[in-house]
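I opened this notebook to record, entry by entry, what I looked up in the structure and what I found there. I begin with a single residue and then move outward.

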Amino acid sequence: MNERLYVAGEFYGIQKYVLGITAAGGGQAKRLRARSFVVQALEQIVVEELRALGSSELIMAGGGQFVLALENSQAAQPRLLEFRRELQERLFKELGGELSFNLGWSDSIEQARHARELERRRPWAEYMTGPNGWAHERMRLGNIYPPCDICGKRRETVTWSSDGPPESVCERCNSDRSIGTQIPHVQGVELAEHDSDIQLLGRGLRFRHASSGAAVGDGGRALHRYVPVQDDRKTLLTFEEIAAKAEGDELLGILKADVDSFGRLIAKHTKEGTLDALERVSKDLDGFFSITLQRAISENAEWKYIYTVFSGGDDLLLVGPWSVMLDFAATVESMFSSGPGRQYGLSLSAAVSFMPPRIPIRHGVHRAETDLKQAKGGSKNHCATLGGVWDWEDFRRILGKGRQLVKWWTCGVKKALLRRLYHIAASAEPGAQLWAWELGRNFPPRNSPHDELRLFREWGDRVLANWEAGTMNETRAALLYALTATRMIRSKDERRGR
Ligand SMILES: [Zn+2]
């Protein structure tokens, strides 16, 4: 018998679960936050319970996934089978099948991960089958009428009316709500037999508060995920309020990013048996997403409106004012490439999609996901946004050009001209003649006394001179940036009235 048994586990469907709330608008930010927290706490409970099965070593954890090594014994496999069955049962009862848990084990990491993947194809198998085949009584959801206003999956039992229009919700969503009110103060969480703050999977959890002074990391794991708050430092900003902080159009930017080819790196290390190296790289990556970036967000005023949906393991999902998210995407990439990227020879791909704040953000996330696939489709190490897929250097140049155009607009360049230029650049066959016509008729003269306007004219001339050089896509993206960023200043009252 092999000395070590590798156990690979994952919560599957996290994004769908976290974003799977029916409410848009006002309460959305708060509810997402609670669910995101629940997922992190679940990962912690499961890892701790598994480690209690015997002497163990945690090889990688983060982002709802983990791999650990258990001491092998006759009893180990039956115990794991029982653990999996029992955990699926608790999870199903608690979350009604919205989030599944897969666990596989074997005497190599690769095989354990493969076994976990096979589990994915038969979700809830342990729980739904009994000694006599399918346990039909477990497949029925029972009477859920009248359904919960938030999840629609369980029966409503409680009505709230304290913050907004009354809502009737189920017990689980009610508990999420109480989690939501204790955040954003929570820094971490630990399992607690007594004096627990909340119950999850039948286990008591105690919050660690920022003020308690206890360093996160001794026992509990850091669960702090930055979210923007009002000046009272208690109330979460809504997504509408976050979008209103954007330059120009009040749109949200959804930033999704992940490490390129991380799966291949795991496979390489497991094949070569370099587990220490794997442990180090996955810990450093998780540290980058869950600690380094979170610190950068919470300690810099320019990022204070960024809302963390999740950030850990090897990826992140953030929401913020669209203009801020474009800048932050570039910042994440430079921090990554000068940090773990350089150390381990890894690159990062990202997508930023824009959306209005009044619809459920899962729509914007879906777009960002599709775009991210595009960014990874070719050579990876790219960013998909503003209507194209760019390598990082091009992306930074576009942002610079876009900001420059905004500056020229503040110096008197008409928005109508920017719009016409955008249409020329965006047409299937952009016409040099049309651009030349605009240059002759509507651009400031080459000898304009105003420095900025002269620079604008020089830019227009340069675009025409480089017409054949394939820079039109960048010009189009920069103009799109400028059009989105230039909005007539409206009074606050007008803003409220909309
Ligand atoms: Zn509910």
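Entry on leucine 42. I looked up what leucine 42 touches once its neighbours within four places in sequence are left aside, and I noted contacts with Phe11, Leu200 and Leu201. I keep in mind that this is a predicted model. Leucine 42 is part of helix α2, and I then asked myself: why does leucine 42 count as buried? I found 23 C-beta neighbours inside 10 Å of leucine 42, and because a residue is called buried when 20 or more other C-beta atoms lie within 10 Å of its own, leucine 42 qualifies. I also checked glycine 64, which is 22 residues away from leucine 42 along the chain, and the C-alpha atoms of the two are separated by 8.3 Å.

Entry on the core. I looked up the largest nonpolar core, which has 128 residues, and wrote down Val7, Leu252 and Ala350 as those with the most contacts inside it. Helix α2, residues 28–51, gives the most to this core, with 10 residues. I followed valine 7 further and, again leaving aside neighbours within four places in sequence, found it in contact with Leu50, Leu68, Leu70, Leu80, Leu103, Trp105 and Ala112.

Entry on helix α9. I wanted to know which residues of helix α9, residues 262–272, are buried, and the list I obtained is Leu265, Ile266, His269 and Thr270. These lie on the same side of α9, because they cover an arc of only 130° around the axis. I reminded myself that an α-helix has 3.6 residues a turn, so residues three or four places apart point the same way. On the face of α9 turned away from the buried side I noted the exposed residues Gly263, Arg264, Lys271 and Glu272. What covers the buried residues of α9 includes α4 (109–120) and α10 (275–299). After α9 comes glycine 273, and I recorded that its phi is positive, near 70°.

Entry on a helix pair. I looked up how helix α11, residues 322–338, packs against helix α14, residues 392–410, and found an angle of about 145°, with the axes 11 Å apart. The crossing in which α11 passes α14 is left-handed. From α11, the contact is made by Leu326, Asp327, Ala330 and Glu333, while α14 brings Trp392, Phe395, Arg396 and Leu399. When I sorted the residues of this contact by kind, I had five nonpolar, three charged and no polar.

Technical notes: Residues are numbered from 1 along each chain as its sequence is written. This is a predicted model: local features need pLDDT of at least 70, side-chain atom pairs count only at pLDDT 80 or more; totals for chains, interfaces and linings use all residues. Axes are lines fitted to C-alpha atoms, for helices over the stretch in contact, and angles run from 0 to 180 degrees between N-to-C directions. Helices (H or I, at least four residues) and strands (E, at least two) are DSSP runs, numbered from the N terminus. A crossing is left-handed if the near helix is turned anticlockwise from the far one by less than a right angle, and right-handed if clockwise. Two residues are in contact if their C-beta atoms, placed from the backbone, lie within 7 Å. Ala, Val, Leu, Ile, Met, Phe, Trp, Tyr, Cys and Pro count as nonpolar, Asp, Glu, Lys and Arg as charged, and the others, Gly among them, as polar. A residue is buried if 20 or more other C-beta atoms lie within 10 Å of its own, exposed if 12 or fewer, and partly exposed in between; C-beta atoms are placed from the backbone. The arc is that of the directions from the helix axis to the C-beta atoms. A nonpolar core is a set of buried Ala, Val, Leu, Ile, Met, Phe, Trp, Tyr and Cys residues joined through C-beta atoms within 7 Å.
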